[in-house]
Amino acid sequence: MGYFYLFLLVLFSWSCHGLQTYQTQLLLQIRKHLEYPSQLQILDNYNGDLCNLSAMSNLTISCQDNFVTEFKIRGDKVANVSDFNGYAIPSKTLSKTFSIDSLVTTLTRLTSLKVLSLVSLGIWGPLPDKIHRLYSLEFLDLSSNFMFGSIPPQISRMVKLQTLTLDGNYFNDTIPNTLDSLSNLSVLSFRGNRLKGQFPSSICRISSLTDVAMCHNKLSGKLPDLSSLTRLRVLDVRENRLDSELPVMPQGLVTALLAKNLFSGEIPAQFGVLSHLQHLDLSFNQLSGTPPSALFDLPSISYLNLASNMLSGSLPEHLTCGSKLGFVDISNNKLVGDLPSCLDNKSDKRVVKYGGNCLSTDGQQQHQGLYCKEANTRRSGRKIAVLVAIIVVSVLLLMLLAFGILILFQRCRPRRTFETHIRQKVVQDNPTTGVSSEVLANARFISEVAKLGTQGTPICRLFSMEELEEATNNFDSSMFMGEGFTGKLYKGRLENGTYVVIRSLTLQKKYSIQNLKVRLDFLSKLHHPHLVGLLGHCIAGGVQDDSGASKVFLVYDYVPNGNYRMHLSEKVLKWSDRLAILIDVAKAVHFLHTGVIPGVYNNRLKTNNILLDEHRLAKLSDYGMFIIMEENEKLEA
């Protein structure tokens, strides 16, 4: 028994040593991919356990249970090339034989890695999609390299990430709008790239965010409402091309850097209640109006920069400044009036810049009053113009509404005449009962047929019994295609050579023939690329036969390539084909539910009711049968 325990001990020691050796080999392979950076020279002659290597300023390796969990390197290849075009640059990037794909592949074999930082190493190329295989990562920093192209959307599958930093690269596409799946993310930083497009709305759904930095990019459009980011403390979107009005900000915001954009409109009053705000920079935008007085008196504000906008009006004489406010810049605006005493620069407690306005003060150079008066006059003129425009637009909308009601009324009059005509005919069919309940219950179908009829859709064709018997060789068994829930199916060939499918239905004795024709007329007018078209019908004998039932034959387009169930059983469809078929069916159902009024529901979605044509385009059959069968079932009951 003692030998057995000794054997287990040796086996366990060998296993740990094997794992440790494998991890070491991976680190040596990464060193080779990075072309032997000086920071990893220590691996050349180091014979000890790499997991016990002391952390240095430019290299950190940490382990847990002999598996590498943290790998951080900081190199000396700073990415500061203005004209980088996606190719290797001697002494700046790694060589042109470097493969970022091979590097990431090797990194993914460090399956326990939680922290990865590869900074200023000259890594160049598009970041591979396979980066998401580092599924255990909680911290990823690839700053100050030469990566370009798109940020892979697959990065949103790294759901354990808490920090994602890609600063100082050359990414030049839009930001993926799927980042909201990173539900643990607290720091998101894409500073100093060439990212374009809009600020993704998905970021507003990452409630765990504390820091968002997108400065020095080419983002444009609207900055969305950020109030849902209740943990956000730092927002930095300086030097972009954002051109919306300023959005609502989260209450806990501490630093807001929005300078050098194209923001317009007035500074929202909501900014004046951000009690945790310490640093606000709105300089070099196109903001107008008078800044809210509460901004200067926020309890935590220490830095306030409103310079180089189009702010106008006068600040209150008794403006109050917060006790922590140490820097204020309101220069190069259109402000007039007296400078409030708390901004008069008479103490060393606060630095205030207010030049380039039209203030009544001797300090710092000011413009003549006319310069700012014109700006304020233009502002008043714009308000009047906006008010006039609103009034004019409102009057035009009322006129258009009245005109539309008039046209609708005129169109409805002939429709009501049509409905009355139909109802009179039904009353004539049933003289002893007056207007029957079935006509009242189905007035919506009559109304819809009248509506579709006015759109120029061809009327439902009435086939004779002789035509159908000739098309099917007198309903020969060789033409029989099968029998389903809604009758027997026959294949037929019309006189003009067109192939059709004929459905035979048996209806109850007391079924209203006139109402049936109205319903069939309605179904024949439902035209869509993914519906099997109803060409016409035939009611045998026109009225009930001697057996107490009425035979009805529905004539459809023939779809030659079988049904979806057959193709599934033969396993000949690729996943892409299956997806395309389901999308086709969804379009058809969407049309039936929303494309007509009333919607056509209860469409018996089954794989054998989905037919495929010669191009494998899906077409839905058996739709709308409830419109015919529901009354049949009511009469049976």
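Three strands come together as an open sheet, running in the order β4-β6-β8 with parallel pairing. (Helices, H or I of at least four residues, and strands, E of at least two, are DSSP runs numbered from the N terminus; two strands pair if DSSP finds at least two bridges between them.) The model is a predicted one, where local features need pLDDT of at least 70 and side-chain atom pairs count only at pLDDT 80 or more, while totals for chains, interfaces and linings use all residues. Residues are numbered from 1 along each chain as its sequence is written, and side-chain values use heavy atoms, with hydrogens and water left out.

Back to the sheet. Its edges are β4 (124-126) and β8 (170-171), each pairing on one side only. Strand β6, residues 146-149, meets β8 in the parallel sense over two bridges. If you want a spot to look at, take F148, whose bridge partner in β8 is Y170.

Now for a strand outside that trio: β3, residues 115-121, which holds S117. With a relative accessible area of 6%, S117 counts as buried (buried means under 20%, exposed over 50%, partly exposed in between, using a 1.4 Å probe and protein chains only). Leaving aside residues up to four places away in sequence, S117 touches F71, K72, I73, F139 and D141, a contact being heavy atoms within 4.5 Å.

β3 also turns up around a cavity. The structure has two cavities of 30 Å³ or more, and the largest holds about 60 Å³ of space. (On a 1 Å grid over the protein atoms alone, a cavity is a set of points where a 1.4 Å probe fits but cannot get out, and lining residues have an atom within 4 Å of a point; points are joined across faces, edges and corners, and the volume is the space filled by probe spheres set on them.) Among the residues lining the largest cavity are I100, L116, I131 and M147. The elements giving two or more residues to that lining are α3 (100-107) and β3, with α3 giving the most, four residues. The lining divides into 12 nonpolar residues, no polar and no charged; here Ala, Val, Leu, Ile, Met, Phe, Trp, Tyr, Cys and Pro count as nonpolar, Asp, Glu, Lys and Arg as charged, and the others, Gly among them, as polar.

Last stop, helix α8. Its 12 residues, 513-524, should span 16 Å at 1.5 Å a residue, and the end C-alpha atoms are indeed 16 Å apart (the expected span is 1.5 Å times one less than the number of residues). α8 is mostly covered, with 11 of its 12 residues buried, including I513, R519, D521 and F522.

How values were computed. On a 1 Å grid over the protein atoms alone, a cavity is a set of points where a 1.4 Å probe fits but cannot get out, and a pocket is an open set with protein on both sides within 12 Å along at least five of seven lines; lining residues have an atom within 4 Å of a point.
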